[in-house]
Amino acid sequence: MDIIKDKDLIKTHSYIDGQWREGDSKITVTNPATGEKVASVSDASVTDANYAVESAKKALKLWSSKSATERANLMRKWFDLMMAHQGDLAKILTLEQGKPLAEAKGEIAYGASYIEWFAEEGKRVYGDTIPALAGDKRIVVIKQPVGVVASITPWNFPNAMIARKAAAALAAGCTFVGRPASQTPLSALAMAELAERAGIPSGVFNIVVGDDAIGIGKVLTQHPDVAKFTFTGSTAVGKQLIAQCATTVKKVSMELGGNAPFIVFDDADIDAAVEGALVSKYRNAGQTCVCTNRIFVHRDVQETFTEKFVSAVQKLAMGNGMKDGVNVGPIISSKAVADVDALVKASISDGASLMLGGESGELGDTFYQPTILTNVTNDMPIARNEIFGPVSPIIPFDTEEEVIAMANATEYGLAAYFYARDIGRVWRIAESLDFGMVAINEGIISNAAAPFGGVKQSGSGREGSKYGLDDYMELKYLCMGGI
Ligand code: NAP
């Protein structure tokens, strides 16, 4: 941690009610690139989680009664501080998560952009008036903050997954309790330090770092004072948490797993498609929910696309994310590498061909080489499962109908990508893909102005955009009589 200029950004206790709360036991944070210890962080308990919810409840009245402009001014300061400390925040992120430093800087700017965007959007929470059915009545609809928001987030975007939720919650007038993944608590705690410096009042933004995911998860999903629960993570865990939220009928939003198709039609700009596939697949070593998971290529352009794609992937440099020029960092753990490798091996034994990569290489068991498989079919394990690693399975197709049927043959519905130029085809395909987000001739899809979210078992609710605030607000209908 010597490389961090502002040492006060390195926080090792949970942040609850404006205090850094020390715990008896410790969680070790490890650098996935080197296996070295990065820090020891206090391990918060279920009691701490309950206290965080109570603190958020206590702070709700003060925060929700501020004007949208007052909240926006504080959030703007928080955004400015995040950008002023972008370099340090990115280094902390790379040390605990592994992604290349340039990508980590991009994540800080991306996370911060939600804080800036929602601070402004909070000023545009409009209500409604509706013509009443009787002359002596009036119908008015107002929007109010839902209350205390609790969240659980994963390790793959340790800053941005929290920022996307907290920004909308705070802008709406809600208070927030977040539990980051136990592998990557430092980025979340650094955000809390900057929230405090920005003057966000005690109890409004709380971060609980604890190894007891199940125990703390029960508090955040079942405490009667939590009005809304928001989760980003795997579909399997999301389903359990939805069931837990049912006991107190919470408002719920879920950003879950994906199995994104990436379709290259015969009229596509092949160079652009190669570029798009490269960024949408190998960013964060393939560990994003919107990562390309299956590449479908029209048989007439399969050879050209594959040749160009292999040549581009061969140029990617794998290594420690802190080193200049590295494009692909480590995978979060050796267990995750083993899971990726098992999918590759099972698909090869089912008939897929290994074109590139397919092993850890010399860097150690938390790395996996950028890999390409050809002769893949849509029923192989590599195509049916969310890979969460740097592996591209290439599947040929002949017709629009065939590729749409294959692309949609998954329980997931988060992101889809396709490259085509014919305008009629563009509309047909865009409307036929059963996914919440469709990128057309683009490899990068997410930004604060757009509604991010999935359909089917990829979740519910949207993060970002004018729609994103709705998840943190309740409609209240006022019926005024006797006029
Ligand atoms: P995960 O196992 O579901 O874990 C996500 C978070 O849930 C972590 O903080 C984890 O804590 C916690 N958790 C696990 N089991 C829990 C339980 N029983 N009760 C309460 N909390 C629990 O997911 P992951 O494998 O770390 O993350 C990758 C997944 O996230 C992928 O499926 C990916 O697609 C999805 N994701 C989705 C989006 C989106 O916006 N749709 C974005 C990013 C990632 P610990 O870390 O302490 O175990």
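This report describes the ligand shell, one aromatic pair and the second largest pocket of a predicted model.

In this predicted model, local features require pLDDT of at least 70 and side-chain atom pairs pLDDT 80 or more, whereas totals for chains, interfaces and linings use all residues. Residues are numbered from 1 along each chain as its sequence is written, and side-chain values use heavy atoms, with hydrogens and water left out.

**Ligand shell**

Around the ligand stand 30 residues, of which W155, R179, S182, S234 and E386 come nearest; a residue is near if one of its heavy atoms lies within 4 Å. By class the shell has 15 nonpolar, 11 polar and 4 charged residues; Ala, Val, Leu, Ile, Met, Phe, Trp, Tyr, Cys and Pro count as nonpolar, Asp, Glu, Lys and Arg as charged, and the others, Gly among them, as polar. The table lists polar contacts of the ligand (pairs of N or O atoms within 3.5 Å).

| Ligand atom | Protein partner | Distance |
|---|---|---|
| oxygen | W155, side-chain N or O atom | 2.7 Å |
| oxygen | R179, side-chain N or O atom | 2.7 Å |
| nitrogen | L256, polar backbone atom | 2.8 Å |

The ligand taken alone exposes 900 Å², and the protein buries 86% of that (Shrake-Rupley areas, 1.4 Å probe). Two or more shell residues come from each of α5 (160–172), α7 (213–222), β10 (226–232) and α8 (235–246); helices (H or I, at least four residues) and strands (E, at least two) are DSSP runs numbered from the N terminus.

**Aromatic pair**

The count of aromatic pairs comes to 12, with ring centres within 6.5 Å and planes under 30 degrees apart counted as stacked, over 60 as edge-to-face and the rest as tilted. One of them, W155 with F388, is edge-to-face, at 5.8 Å centre to centre and 90° between the planes. W155 lies in the loop between β7 (148–152) and α5, and F388 in the loop between α12 (381–384) and β16 (391–397), 233 residues apart.

**Second largest pocket**

The second largest pocket holds about 270 Å³ of space. A pocket is an open set of points on a 1 Å grid where a 1.4 Å probe fits, with protein on both sides within 12 Å along at least five of seven lines; lining residues have an atom within 4 Å of a point. The volume is the space filled by probe spheres set on the points. Among its 19 lining residues, P100, A102, E103, V326 and N327 are closest to the centre.

Note on methods:
Polar contact = N/O pair within 3.5 Å; in protein donor to acceptor, adjacent residues only side chain to side chain. Phe/Tyr/Trp six-rings, centres within 6.5 Å; stacked < 30°, edge-to-face > 60°.
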